[in-house]
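Thank you all for coming; I would like to go through one model this morning, starting from the arrangement of its chains and ending with a single helix. Please have the sequence and the structure open while I talk.

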There are 2 protein chains.
Amino acid sequence: MPVLSKIRLLTPGPTDVPPAVLLEMAQPIIHHRTQQFQDIFAELSQRLQRVFRTSEPVLTLAGSGTTAFEAAQINLVKPGSKVLTIAGGKFGERWQDIYDTYAPTLGITENIKLNVPWGEAVSAQQVEEVLKANPDISVVVLVNSETSTATASDVKAIAAVVSKTDALLLVDGITSVGTMPVEMDAWGIDVLVTGSQKALMLPPGLGFVGLGKRAQQRLKEVKPTGYYNLDLRKWLKSWANQDVPFTPPVSLIRGQRVALEMIETEGLENVWARSNALATASRTAFTAMGLELISKSPSDSVTGAYYPEGVTDKALRNGTRDNHNVHIAGGQDGRGASWKGKIFRISNMGYVDAGDTLAALLAIEMELIACGCKIKPGTAVAAAGEIFAKPLAV
Amino acid sequence: MPVLSKIRLLTPGPTDVPPAVLLEMAQPIIHHRTQQFQDIFAELSQRLQRVFRTSEPVLTLAGSGTTAFEAAQINLVKPGSKVLTIAGGKFGERWQDIYDTYAPTLGITENIKLNVPWGEAVSAQQVEEVLKANPDISVVVLVNSETSTATASDVKAIAAVVSKTDALLLVDGITSVGTMPVEMDAWGIDVLVTGSQKALMLPPGLGFVGLGKRAQQRLKEVKPTGYYNLDLRKWLKSWANQDVPFTPPVSLIRGQRVALEMIETEGLENVWARSNALATASRTAFTAMGLELISKSPSDSVTGAYYPEGVTDKALRNGTRDNHNVHIAGGQDGRGASWKGKIFRISNMGYVDAGDTLAALLAIEMELIACGCKIKPGTAVAAAGEIFAKPLAV
């Protein structure tokens, strides 16, 4: 490291954690069967409801976002019904795999896979057509922000379609909740899931499941096939008593309370506006450097571009890491595409501000130039600076 | 605070402290009469020597940079001699005041004040002329980087002049040591002083005095007029035993050891190159926005500009603070000028990287525009980005 560059974790999760949150997590462990913990947990649960934009329960599970989404998936399928799983990237494909695995256990008659090309979003009309043709679908799985492709889907429009049917809409909000507008109650999202290590500014370790009224009703109708982490009924029952069914990650929960307090102090709409500004700036800067964006329906949570001719994944990402302390992500392989080595991505989520994004863009530009790209030095920062210098659209 | 902007302390001291240093200072207090403390102190002293570029002792005093400089001033004057105090700003004037105050105690026959206009630097020739006309000067006081005017003086050239005489050169390196090249031994600086809260990345509380061979000899010839903090002989004697004459600020000393380790890991020359890049970028950005720089001989430690017509100190500095969390400094009043309300300054010292400077420049530009300045949005960041995108001159 020749010259000081502060460490910037601009991978799309885990993301940087604010010092105030790190310090809170360093506090001595308290026992979870105490009033002190219950007060913290109750406050956390209320703050989660405001971030999820719901008056319904938001459960706090120990585990990753995947743990939480898996729990949602396997608790809500009507035996003898179909599921509709929409994918246009790595994570959508993961939820498809989960239902393939659990199909016999859950009594799924068909896992209808609605796939769109990576980098594109499904339309509400496509979803509507499948639902009309298959009235026996009991669960629809949709990724709001597909991290692998930096692509956002129109949850509001799709929720409007699904809520007219008996199917429940399970939304993977892992990189959208706390990054861009997601209105669980107003849009009629039945289940909204996120993880702690993205926009919620915590280390990995907590998953959150918001359960709408229709989902709570479905829980009563479906028999549990799992236990503890995988039986949401236990969690929902404890939640009503401001409690958890087994020993929770106390430190993470303390930290999450502080992180959510920071988000609410900034104002959730302001957080959305900030992520939008960071995303707009990074997309504009990428384009100004002559890069092609990977998404035709870009998400604000993450920004991705194809490597130009002659730039390898190793050269760019090792370069930004070793020469600038900027950690960015590469591409992923899946059924719909093989993007390993072909694309790179930076995060606009959580504890990131304009200075961080400017530093990251500077690092990327310098390494691209070092790889032989013809870019006028300063192009990326100039393009982003012009965006940041304008008032934010809140 | 509408939108997240990380807190950036870009005042020219105190400056931001790295989290690793803050954590070190949060360690439990150890007693200072222990081997553990002595080992830490010995390592600190060796690291200080390398940062001061000297093989002579560098003393660690409890107090601010002013405490340390005052101690240097009052311990080294030959009774019945003159002192030469060079000033072109607030701090040079402070050292003049100190000798005025102590003149009777120390037996100073004349305090010769060599003043240059604020924002300009004294020439070696000017110093040489005064020394030739006054062979009974025993101490010359020079500010290396005058923080109030963002102005650097040519210590190397002046040291070459002073070292040919019997006078000792006392250099205020409070904002230069760890920011720009200062070669205590190679240039023949007799006394070099700095504080912990500038480029050395610690909170305020420690002052450092490097004592060259001629200064150590002078200490023996001059009787002490002060005690403890103000009698450097006591400190020098303890230093030889890897010790301090009275209870030291243990936590600060621990933190300083870690901060100096960070500096040496980065490489002192690289730290200098970084500060130079930050300074060049901020000067270029200020000029690009149409601002006039306050210094004709700019220091890399701090960058200052006059307020343009219609911009008040309150509007700009409250604006950067309240809207962007960027803390910058205003102007100071002194005998040579009244710069309160007329200028502002940002620091390039210590734990600052390109991302921080870009964020500060963005904040300043936005607030200038809000005050009615005609600046194309993004100008400052574009100008700085062009500098940062080029390889650093190490």
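I will take the relation of the two chains, then their contact, then the domains of one chain, and finally a helix of the other.

Please keep in mind throughout that this is a predicted model. Chain A can be laid on chain B by a turn of 180° with a shift of 0.0 Å along the axis, and the RMSD of that superposition is 0.0 Å. Because of that turn and that shift, the relation between the chains is the one of a two-fold axis. Within chain A, the C-alpha nearest the axis belongs to Ala382(A), which lies 2.0 Å from it. The same surface serves both copies, since 100% of the contact residues of chain A recur in chain B.

As for the contact itself, 30 residues come from chain A and 30 residues from chain B. On the side of chain A that touches chain B, helices H11 (268-288), H13 (354-370) and H14 (379-388) each supply at least two residues, and H13(A) gives the most, with eight residues. By character, the residues on that side of chain A divide into 17 nonpolar, eight charged and five polar.

Turning to the inside of chain A, we have domain 1, made of 8-15 and 267-388, and domain 2, which covers 19-264. Their centres, taken over C-alpha atoms, are separated by 27 Å, and 29 residues of domain 1 of chain A are in contact with 33 residues of domain 2 of chain A. On the domain 1 side of this contact, H11 and strand S11 (302-306) of chain A each supply at least two residues, with H11(A) giving the most, namely four residues. That side of domain 1 divides into twelve nonpolar, 13 polar and four charged residues.

Lastly, let me move to helix H4 of chain B, residues 90-106, whose 17 residues reach 23 Å from the first C-alpha to the last, close to the 24 Å expected at 1.5 Å a residue. Where does H4(B) have its kink? The kink, of about 35°, lies at Asp100(B), shortly before the proline Pro104(B). The buried residues of H4(B) include Phe91(B), Trp95(B), Tyr99(B) and Leu106(B), and the buried residues of this helix pack against several elements of chain B, among them helix H3 (65-75), strand S4 (110-115) and strand S5 (137-143). After H4(B) comes Gly107(B), with a positive phi near 70°.

Technical notes
Residues are numbered from 1 along each chain as its sequence is written. Chains are lettered from A and ligands numbered from 1 in the order in which they are written. This is a predicted model: local features need pLDDT of at least 70, side-chain atom pairs count only at pLDDT 80 or more; totals for chains, interfaces and linings use all residues. The expected span of a helix is 1.5 Å times one less than its number of residues. The bend at a residue is the angle between axes fitted to the seven residues ending there and the seven starting there. A residue is buried if 20 or more other C-beta atoms lie within 10 Å of its own, exposed if 12 or fewer, and partly exposed in between; C-beta atoms are placed from the backbone. Two residues are in contact if their C-beta atoms, placed from the backbone, lie within 7 Å. Ala, Val, Leu, Ile, Met, Phe, Trp, Tyr, Cys and Pro count as nonpolar, Asp, Glu, Lys and Arg as charged, and the others, Gly among them, as polar. Domain bounds come from an automatic or database domain assignment. Copies are superposed by least squares on the C-alpha atoms of residues with pLDDT of at least 70 in both.
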